Amino acid sequence: MFEIVFLGTSASAPSVQRNLPAAVVIYNQYRFLIDCGEGTQRQILKSGLGFRRLNRILLTHGHLDHILGLGGLISTYARWEAINEVEIYAGKLALRRVKLLMKVVFMDEIPPINIIYHEIGPGVIMEDEKFTLRAFKVIHKGADSFGFIFEEKPKRPFLVEKAEALGIPAGPERRRLVQGESITLPNGRIVTPDEVLGPPIPGAKLVYVGDASSTRNLAEAAYKADALVIEATYLEPEKELAKQYGHITAAQAARLALEAEVRHLYLIHISRRYNSNEVLEEARAIFPNTTIVNDLDRVVVKKEEAS
C-alpha cells in the first residue's frame, strides 16, 4: 500500500487554489518527494507531514516550475539541521540545473548539508525485499524527463490449512517457510515453501508522470497500474496548443488510462484557464474512474481485492 500526498497541482504558475508541482509518496519507512515547485516547503508544513525522513527527492524533469522550491527547502534543511543528507534523483539535464541552483543558494560556501546527486536512466532506482522503484522515459518538450513506478513485490499467501495438516506449529517454523526456507519437522519430514504457500499475488502499483508531450510510449509503464498520476494541462479543443507547448489534454490522459487498463486516473497540472469540472468532464467521458486532485489531497493506493 502506498500513500500519495499532493502538495502542488497547478500548471506552470501557481493559482489561488493550487501551488506548483510537488507530491510526497509514502511507503513503510520511506518518504519520497516528487518535484519541488516554489512554495513546496510551506505545503509540506500545511500538510502536516513535516520534514522528517523526507530526504529522497525524485525530479520528473528540470523545468523551473518543478525545481525552484529546492533552493528554499534545502536551505531550510541546512538551517534547522533537520536532515543532514539529501539524495536527488533526476536526469542529467535536470541535475545540471539543480547544481547551478545550489550554487546560487550557497554561493562559494560548502553546503552545510550533504547533497548526493544520482543521475538516472530507465530502470530500477532502488528496491528492498518489499518494493521496487523504477524510472521510465517520458517525452516532454526540450527536457530530459522521467516518470516513476512504485510497485510492491508479489506476495505468496501462507496457507494455514495446509500447514496445520502437515503438523507445522505456529511460530518460527512458519516464519521461515514464508521467508522461502525449507524446514525439517520432528518426524524428519522436510517441508518446502511450495507446500504451504499459494501462488504469487501482485502488489500495489503507482505510476507517476509529471509533464508529457505525448502518451504514445507510456502504456507499457502504466499497464495495470492501480493508480496513474499524470498531467491534464489542456482540453481537447486546444490540442494543437497543447502540442505546441509540450503538454497533453485531459482526453489524451484518459485514453492512456483506458489503453493501459489502469484502475484509477488522477489528474494534476491543472491550468488556470479551465474550470476543474470541464477537465473532469472531458476525462470521465472516456475513462469514468478519474479524479482531479487538489492541493493537500491524500490518496491511498492499494491492490484491489479480487471479487
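**Exercise 1. His264 and its surroundings**

Task: Work out which residues His264 is in contact with, leaving aside neighbours within four places in sequence, and where in the chain His264 is found.

Solution.
Step 1. List the contacts in this predicted model. His264 touches Asp226, Ala227, Leu228, Phe287, Asn289, Thr290 and Thr291, once its neighbours within four places in sequence are set aside.
Step 2. Place the residue. His264 sits in the loop between α9 (250-259) and β14.
Step 3. Classify its exposure. The relative accessibility of His264 is 16%. Buried means under 20%, so His264 counts as buried.
Step 4. Look for a polar partner. The side chains of His264 and Thr291 are joined by a polar contact of 2.7 Å.

**Exercise 2. Thr291, the partner**

Task: Describe the setting of Thr291: in which strand does it lie, and is it buried, partly exposed or exposed?

Solution.
Step 1. Find the element. Thr291 belongs to strand β15, residues 290-292.
Step 2. Judge the exposure. Thr291 has 25% relative accessibility and therefore counts as partly exposed.
Step 3. Collect the contacts. Beyond four places in sequence, Thr291 is in contact with His264, Leu265, Tyr266, Leu267 and Leu280.
Step 4. Compare sequence and space. Ala253 is 38 residues from Thr291 in sequence, and their C-alpha atoms are 12 Å apart.

**Exercise 3. The sheet that holds β15**

Task: Give the strand order of the open sheet and explain why one side of β7 and of β15 is left without a neighbour in the sheet.

Solution.
Step 1. Write the order. Seven strands run β7-β8-β9-β12-β13-β14-β15, and their pairing is mixed.
Step 2. Find the edges. β7 (123-127) and β15 each have a single partner strand, so one side of each lacks a neighbour in the sheet.
Step 3. Add the twist. From one strand to the next, it averages 20°.
Step 4. Recall how pairing works. Strands of a sheet pair through backbone hydrogen bonds, parallel or antiparallel.
Step 5. Apply this to one edge. β7 and β8 pair in the antiparallel sense over four bridges. Glu127 has Thr132 in β8 as its bridge partner.
Step 6. Turn to the other edge. Helix α10 (residues 276-284) lies across β14 (265-268) and β15. The helix runs at about 165° to β15.

**Exercise 4. Leu133 in β8**

Task: Decide whether Leu133 is buried or exposed, and list what it is in contact with.

Solution.
Step 1. Locate Leu133. This residue is found in strand β8.
Step 2. Read the accessibility. At 0%, Leu133 counts as buried.
Step 3. Name the contacts beyond four places in sequence. Leu133 is in contact with Phe32, Leu58, Gly123, Val124, Ile125, Met126, Phe148, Ile149 and Phe150.
Step 4. Check a distant residue. Leu54 is 79 residues from Leu133 along the chain, with 16 Å between their C-alpha atoms.

**Exercise 5. Salt bridges**

Task: State how many salt bridges the structure holds, then analyse the pair Arg134 and Glu151.

Solution.
Step 1. Give the count. There are twelve salt bridges.
Step 2. Take the named pair. The side chains of Arg134 and Glu151 meet at 2.5 Å, N to O. Arg134 lies in β8 (residues 131-138) and Glu151 in β9 (residues 145-152), so the bridge ties together parts 17 residues apart in sequence.
Step 3. Check the exposure of the pair. Arg134 is partly exposed at 28% relative accessibility. Glu151 is partly exposed at 25%.
Step 4. Take another pair. Lys137 and Asp144 form a salt bridge of 3.1 Å, N to O. Lys137 is partly exposed at 37%, whereas Asp144 is buried at 16%.
Step 5. Add Arg176 and Glu181. Their closest N and O atoms are 3.3 Å apart. Arg176 is partly exposed, at 36%, and Glu181 is partly exposed, at 35%.
Step 6. Look for shared partners. Asp226, Arg263 and Lys303 are joined into one network by salt bridges that share partners.

**Exercise 6. The buried face of α1**

Task: Explain why the buried residues of α1 line one face of the helix, and name the elements they pack against.

Solution.
Step 1. Name the residues. Thr40, Gln43, Ile44 and Ser47 are buried in helix α1 (residues 40-47).
Step 2. View the helix down its axis. The buried residues fall within an arc of 105°, so they line one face.
Step 3. Identify the packing partners. They are β1 (2-8), β2 (22-27), β3 (30-34), α3 (69-80) and β16 (298-301).
Step 4. Inspect the end. Gly48, just after α1, has a positive phi of about 85°.

Conventions:
Residues numbered from 1 in each chain as written. Predicted model: local features only at pLDDT ≥ 70, side-chain atom pairs only at ≥ 80, totals over all residues. Heavy atoms only, no water. Salt bridge = Lys/Arg side-chain N within 4 Å of Asp/Glu carboxyl O. Helix = DSSP H or I, 4+ residues; strand = E, 2+ residues; numbered from the N terminus. Buried < 20%, exposed > 50% of the residue type's maximum accessible area, 1.4 Å probe, protein only. Contact = heavy atoms within 4.5 Å. Pairing = 2+ DSSP bridges. Axes fitted to C-alpha atoms, helices over the stretch in contact; angles between N-to-C directions. Arc of directions from axis to C-beta. Polar contact = N/O pair within 3.5 Å; in protein donor to acceptor, adjacent residues only side chain to side chain.
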